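Subject: Structure handover

Dear colleague,

I am passing on the structure we spoke about, with notes on what was found in it. Please look it over before reading the rest.

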Amino acid sequence: MRRPFWLSALRFAALGLVLLWSGLPILLVVLASLKPSRDVFEFPPRLLFRPTFENYATLFERWPAFAPSLLNSLIIAAGATLLTVAVC
């Protein structure tokens, strides 16, 4: 039996709200990381800006152990994912 259109639309809208609720903070953090340092706390915030990787360059210069730490985290996450998929 086919579901009514309004029920499918309601489920789709609820899914969209959950995705927005979960994804918006991640998007804002990524966008803030691409802004120049002086523009991060600007009010009102600019929606259009020229992205820069200056913050990432500074990160790798000031904390050389970041890249190996990130690689270790990626290896652990990938291993845990593969183990979970293999067991379940």
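The notes below go through the findings by region.

Please keep in mind that this is a predicted model.

The largest pocket

The largest pocket holds about 160 Å³ of space. Its lining consists of Leu28, Leu31, Ala32, Lys35, Val40, Pro45, Arg46, Leu47 and Phe49. Sorted by class, seven of these lining residues are nonpolar and two are charged, with no polar residue in the lining.

Of the residues named there, leucine 31 belongs to helix H1. Leucine 31 counts as partly exposed because its relative accessible area is 32%, and that value falls between the limits of 20% and 50%. Leucine 31 and leucine 82 are 51 residues apart along the chain, and their C-alpha atoms are separated by 30 Å.

Lysine 35, arginine 46 and glutamate 42

Lysine 35, another lining residue of the largest pocket, sits in the loop that runs between helix H1 (5-34) and helix H2 (54-62). What is the nearest side chain of opposite charge to lysine 35? It is glutamate 42, at 6.3 Å, and lysine 35 is buried yet has no salt bridge. A salt bridge needs the nitrogen and the carboxyl oxygen within 4 Å, so a distance of 6.3 Å does not qualify. A polar atom of the lysine 35 side chain does lie 3.4 Å from the backbone oxygen of arginine 46.

Glutamate 42 is instead paired with arginine 46: the two form a salt bridge in which the closest N and O atoms are 3.1 Å apart. The count for the model is one salt bridge. Both partners are partly exposed, arginine 46 at 44% relative accessibility and glutamate 42 with a relative accessible area of 27%. Arginine 46 thus appears in three places in these notes: in the pocket lining, in the contact between its backbone oxygen and the side chain of lysine 35, and in the salt bridge with glutamate 42.

A cis peptide bond

The peptide bond from phenylalanine 43 to proline 44 is cis, with omega near -5°. Proline 44 is located in the loop between H1 and H2, the loop that also holds lysine 35.

Serine 33

Serine 33 is a residue of helix H1. Is serine 33 buried or exposed? With a relative accessible area of 18%, serine 33 is buried, because the cut-off is under 20%. Two contacts of its side chain can be listed. One reaches the backbone oxygen of valine 30 at 2.7 Å. The other is a polar contact of 2.6 Å with the side chain of tyrosine 56.

Alanine 77

Helix H3 (residues 66-87) contains alanine 77. At 42% relative accessibility, alanine 77 counts as partly exposed. The C-alpha atom of alanine 77 is separated by 23 Å from that of leucine 24, and these two residues are 53 residues apart along the chain.

Regards

Terms used: Residues numbered from 1 in each chain as written. Predicted model: local features only at pLDDT ≥ 70, side-chain atom pairs only at ≥ 80, totals over all residues. Heavy atoms only, no water. 1 Å grid on protein atoms, 1.4 Å probe; cavity = no way out; pocket = protein on both sides within 12 Å on 5 of 7 lines; lining within 4 Å. Points joined across faces, edges and corners; volume = space filled by probe spheres on them. Nonpolar A, V, L, I, M, F, W, Y, C, P; charged D, E, K, R; others polar. Helix = DSSP H or I, 4+ residues; strand = E, 2+ residues; numbered from the N terminus. Buried < 20%, exposed > 50% of the residue type's maximum accessible area, 1.4 Å probe, protein only. Lys, Arg positive; Asp, Glu negative; His and termini not counted. Polar contact = N/O pair within 3.5 Å; in protein donor to acceptor, adjacent residues only side chain to side chain.
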